[in-house]
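The following exercises are to be worked through with the sequence and the coordinates at hand. Each task is followed by a solution in steps.

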Amino acid sequence: MEKNQQNMQLDRPRLLLPEGSTARRWWFYMAVLALAGLGAWGSFITAFQLPVFPTALVAAGLLSCALTVWLQLAARRWRPVALLVWVVWLLLAVFLFNLASHGAVNVVNRMLDCYGNRLNYDLPVLRMSYLPGMIPSAEAECTVFLLLLQFPFYWLMSHMLAKRRSSLGPFALTGILLLFPMSFSIVPAGWALAALLMFWCMLL
């Protein structure tokens, strides 16, 4: 009896789903991924009160969820499609680089501003000059920057959930976005935090 107990080992945490049709698995992982994105990105955006176009972010997030999960579950013959999708994303990143870089500066400055308010200290801010004739809104800058981050985020999440059936990776990846504000006691919106906690409960 003691020998059997010593040989017992716990398997690594992973998300278990009975094997079924591809359509069923696609709907399941897409719903889980959408909940994760809503909670993680919603917590990050609401905590730092980032100026964004929420409709555009939600639409792009759902599209990224659907596309990345389908590519992870698809057969190997669809790998060229996955490569094409990454090429399109790279071209968009190059084309929108200037706008996205200003968005990154805007996001970092708002994070530093929130941190400074908590510490009662004026933290330095980043500055970046605009091209001649180009002064877009802060909403457009932040939205483009976050849009470009969403696809790699959902790609990694779908790979860890649908392919690896891992729970630790998705927990860590979504937890990072919550760690940025919570490490300075900056609380996000209740609905976003609730969505993220629901996702974490599904990983158990």
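Helices and strands are here DSSP runs, with at least four residues for a helix and at least two for a strand, numbered from the N terminus. With helix α2 so delimited, Q49 comes just after α2 and takes a positive phi of about 50°. The model is a predicted one.

**Exercise 1. The overall fold**

Task: Determine how many helices and strands the protein has, and state what share of its residues is buried.

Solution.
Step 1. The count gives eight helices and zero strands. Along the sequence, the pattern therefore reads α-α-α-α-α-α-α-α, since only DSSP runs are listed as elements.
Step 2. Of the 204 residues in the protein, 42% are buried.
Step 3. Among contacts with a separation of 6 or more, 82% join residues 24 or more positions apart.

**Exercise 2. The spans of two helices**

Task: Compare the end-to-end distance of α2 with the span that should follow from 1.5 Å a residue, and repeat this for α3.

Solution.
Step 1. The expected span is 1.5 Å times one less than the number of residues. Because α2 has 27 residues, it should span 39 Å; the end C-alpha atoms of α2 are 38 Å apart, in agreement with that value.
Step 2. Helix α3 covers residues 54–73, which is 20 residues. From first C-alpha to last, α3 reaches 28 Å, close to the expected 28 Å.
Step 3. The buried residues of α3 include L57, G61, S64 and C65. The buried residues of this helix pack against α2, α4 and α6.

**Exercise 3. The nonpolar core**

Task: Identify which residues touch the most other members of the largest nonpolar core.

Solution.
Step 1. This core holds 41 residues, and those touching the most other members are F44, F48, L50, L146, M157, L161 and F199.
Step 2. The elements giving two or more residues to this core are α2, α3, α5, α6, α7 and α8.
Step 3. Helix α2 supplies the largest share, 12 residues.
Step 4. L50 illustrates the packing: leaving out residues up to four places away in sequence, L50 touches F44, I45, V107, R110 and L146.
Step 5. As a general tendency, nonpolar side chains in soluble globular proteins are buried together.

**Exercise 4. A buried glutamate**

Task: Establish which side chain of opposite charge is nearest to E141, and which side chain makes a polar contact with the side chain of E141.

Solution.
Step 1. E141 belongs to helix α6, residues 138–163.
Step 2. The nearest side chain of opposite charge is R110, 8.0 Å away. A salt bridge requires a distance within 4 Å. E141 is buried and has no salt bridge.
Step 3. The polar contact is with the side chain of N106, at 3.5 Å.
Step 4. N106 lies in helix α5. N106 counts as buried because its relative accessibility is 15%, and the cut-off for buried is under 20%.
Step 5. The side chain of N106 also makes a polar contact with the side chain of R110, at 3.0 Å. Apart from residues up to four places away in sequence, N106 touches A138, E141 and C142.

**Exercise 5. Positive phi in loops**

Task: For N120 and S185, find where each residue lies and decide whether each is buried, partly exposed or exposed.

Solution.
Step 1. N120 lies in the loop between α5 and α6. Its phi is near 55°, a positive value in a residue other than glycine.
Step 2. The relative accessibility of N120 is 72%, so N120 counts as exposed.
Step 3. S185 lies in the loop between α7 and α8. S185 is not a glycine, yet has a positive phi of about 60°.
Step 4. S185 has a relative accessible area of 47% and is therefore partly exposed.

**Exercise 6. Pairs distant in sequence**

Task: State what distance separates the C-alpha atoms of F28 and A162, and those of W191 and L38.

Solution.
Step 1. F28 is placed in helix α2 and is partly exposed, with a relative accessible area of 27%. The C-alpha atoms of F28 and A162 are separated by 9.7 Å, although these residues are 134 residues apart along the chain.
Step 2. W191 is placed in helix α8. W191 and L38 are 153 residues apart in sequence, with 9.2 Å from C-alpha to C-alpha.
Step 3. Setting aside neighbours within four places in sequence, W191 is in contact with L38, G42 and T46.

Note on methods: Residues are numbered from 1 along each chain as its sequence is written. This is a predicted model: local features need pLDDT of at least 70, side-chain atom pairs count only at pLDDT 80 or more; totals for chains, interfaces and linings use all residues. Side-chain values use heavy atoms; hydrogens and water are left out. Buried means under 20% relative accessible area, exposed over 50%, partly exposed in between (1.4 Å probe, protein chains only). Lys and Arg count as positive and Asp and Glu as negative; His and the chain ends are not counted. A polar contact is a pair of N or O atoms within 3.5 Å; within protein, one must be able to donate a hydrogen and the other to accept it, and residues adjacent in sequence count only if both atoms are side-chain atoms. Contact means heavy atoms within 4.5 Å. A nonpolar core is a set of buried Ala, Val, Leu, Ile, Met, Phe, Trp, Tyr and Cys residues joined through side-chain atoms within 4.5 Å.
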